[in-house]
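Please find below a colleague's note, written as numbered points for a reader who is new to protein structures. Each point may be checked against the sequence and the structure.

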Amino acid sequence: MSDKPTVSVLGTGIMGAAMARNLARAGHRVTAWNRSPDKAAPLAEDGVRIAGTPAEAVADADAIVTMLHDGPAALDVMRQAAPALRPGTRWIQSTTAGVEGIAELAAFAADHDLLFFDAPVLGTREPAEAGELTVLAAGPNDDPAASAVFDAVGAKTVWLGENGADGAASRLKLVANSWVLVLTHGIGEVLALAKGLGVDPERFFALIDGGPLDAGYAHAKGGLILGGDTANTSFGLDTAEKDARLIVEAARANGVRLDLGEAGVERFRRASAQGHGSEDMAASYFASFTD
């Protein structure tokens with residue numbers, strides 16, 4: 001292996017596509033696969049080779065990055081890739097899979113003698129495209145190939161232990177995402193209440209500006225809502241609903257009740273049923289209205 005490992009990226013949605021581009025820009029030889037080929041095809045312009053199957057994508061890879069919808073999807077794709085997997089290949093598992101999901105994926109890695117990294121990321125479309133994600137990583141932290149991948153896609157890597165199978169990175173990702181989702185629902189409800197009470201939302205933003213109640217997420221997601229631009233997706237609503245369910249399930253399994261988390265799942269469900277599932281998660285705003 002050279003100092004620029006060959007990397008396979010499985011899953012080229014918002015995050016996976018950006019990661020593949022940044023890996024190619026960093027000088028890595030990159031092959032990508034996506035269940036919907038049309039989403040992977042534009043990456044060819046960035047020097048990424050497009051594979052027709054997961055097995056074709058992982059052949060000769062030094063490192064495999066999975067960025068798929070959920071744990072079952074990641075496991076299914078890796079099973080398709082299994083005939084071409086080589087012992088010792090690094091598997092950088094970046095899908096938000098939850099606590100139970102990461103255990104199943106780690107077991108698959110052990111069965112196939114893969115070097116497993118539990119490596120979810122923090123960030124949405126903009127930092128992903130800029131190569132400024134925060135990588136939460138658990139696995140052998142002296143592995144140069146994995147470190148090269150993390151450096152290409154992120155601005156910071158937070159190491160959480162040398163055993164990817166214990167799920168330390170995935171558990172922290174759920175905690176961090178729970179905060180992100182609370183903020184998203186919070187600004188959505190605030191702006192819905194302002195509309196219902198006939199309050200100019202700009203007065204609210206002026207009130208909190210620069211103070212302890214201010215939050216960057218309030219402006220980012222609030223701007224999408226007020227601008228009627230929730231179709232400009234940075235973090236998809238249906239994906240956020242999946243993450244919210246994983247958070248609530250993990251909490252229940254560990255004796256923790258999350259009232260806000262459970263209510264957030266229902267808000268996402270209602271907004272999706274209204275037709276906003278493919279929009280940004282800020283569209284949870286619409287769950288406040290029956291029409």
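The points that follow concern a predicted model and treat its interior, its surface, two loop residues and three further positions.

1. The largest nonpolar core. This core has 29 residues, and those with the most contacts inside it are L23, I92 and F150. Several elements each supply at least two of its residues: strand 1 (7–10), helix 1 (14–25), strand 2 (30–33), strand 4 (63–66), strand 8 (133–137) and helix 7 (144–153). The largest share, seven residues, comes from helix 1. As a general matter, nonpolar side chains tend to be buried together in soluble globular proteins.

2. The surroundings of L23. Residues up to four places away in sequence are not counted here. With that restriction, L23 touches V7, V9, H28, V30, V149, A152 and V153. The student may wish to display L23 together with these residues.

3. The second core. Separate from the core described above, there is a second one of 25 residues. Among its members are I64, A106, L114 and F116.

4. A nonpolar patch on the surface. Nonpolar residues also appear on the outside of the model: W179, V182 and L260 form a surface patch. Together they have about 340 Å² of accessible area. One of them, V182, is found in helix 8, which covers residues 168–197. Why is V182 classed as partly exposed? Its relative accessible area is 36%, and this class lies between the limits of 20% for buried and 50% for exposed.

5. Two aspartates with positive phi. D60 has a positive phi of about 70°, although it is not a glycine. It is placed in the loop between helix 3 (54–58) and strand 4. D60 counts as exposed because its relative accessibility is 56%, where the class requires over 50%. D113 also is not a glycine and has a positive phi, of about 55°. The position of D113 is in the loop between helix 5 (98–111) and strand 6 (115–118).

6. The annotated position K173. UniProt, in an unreviewed entry, places the feature "active site" at K173. This annotation comes from the record and may be inferred rather than shown by experiment. Is K173 buried or exposed? K173 counts as buried, because its relative accessibility is 6%. The residue is found in helix 8. Apart from residues up to four places away in sequence, K173 touches T96, P120, V121, L122 and L136.

7. G16 in helix 1. G16 lies in helix 1 and counts as buried, because its relative accessibility is 0%. Leaving aside neighbours within four places in sequence, G16 is in contact with V9, G11 and M67. How far apart are the C-alpha atoms of G16 and A137? They are separated by 17 Å, and the two residues are 121 residues apart along the chain.

8. H276 in helix 12. H276 is placed in helix 12, which covers residues 259–276. With a relative accessible area of 13%, H276 is buried, since the limit for this class is under 20%. Not counting residues up to four places away in sequence, H276 touches L237, A271, A283 and F286.

Definitions and conventions
Residues numbered from 1 in each chain as written. Predicted model: local features only at pLDDT ≥ 70, side-chain atom pairs only at ≥ 80, totals over all residues. Heavy atoms only, no water. Patch = residues over 30% accessible without salt bridge, like charges linked within 9 Å, V, L, I, M, F, W, Y side chains within 5 Å. Areas by Shrake-Rupley, 256 points an atom, 1.4 Å probe, with all protein chains shown as cover. Salt bridge = Lys/Arg side-chain N within 4 Å of Asp/Glu carboxyl O. Helix = DSSP H or I, 4+ residues; strand = E, 2+ residues; numbered from the N terminus. Buried < 20%, exposed > 50% of the residue type's maximum accessible area, 1.4 Å probe, protein only. Core = buried A, V, L, I, M, F, W, Y, C linked by side-chain atoms within 4.5 Å. Contact = heavy atoms within 4.5 Å.
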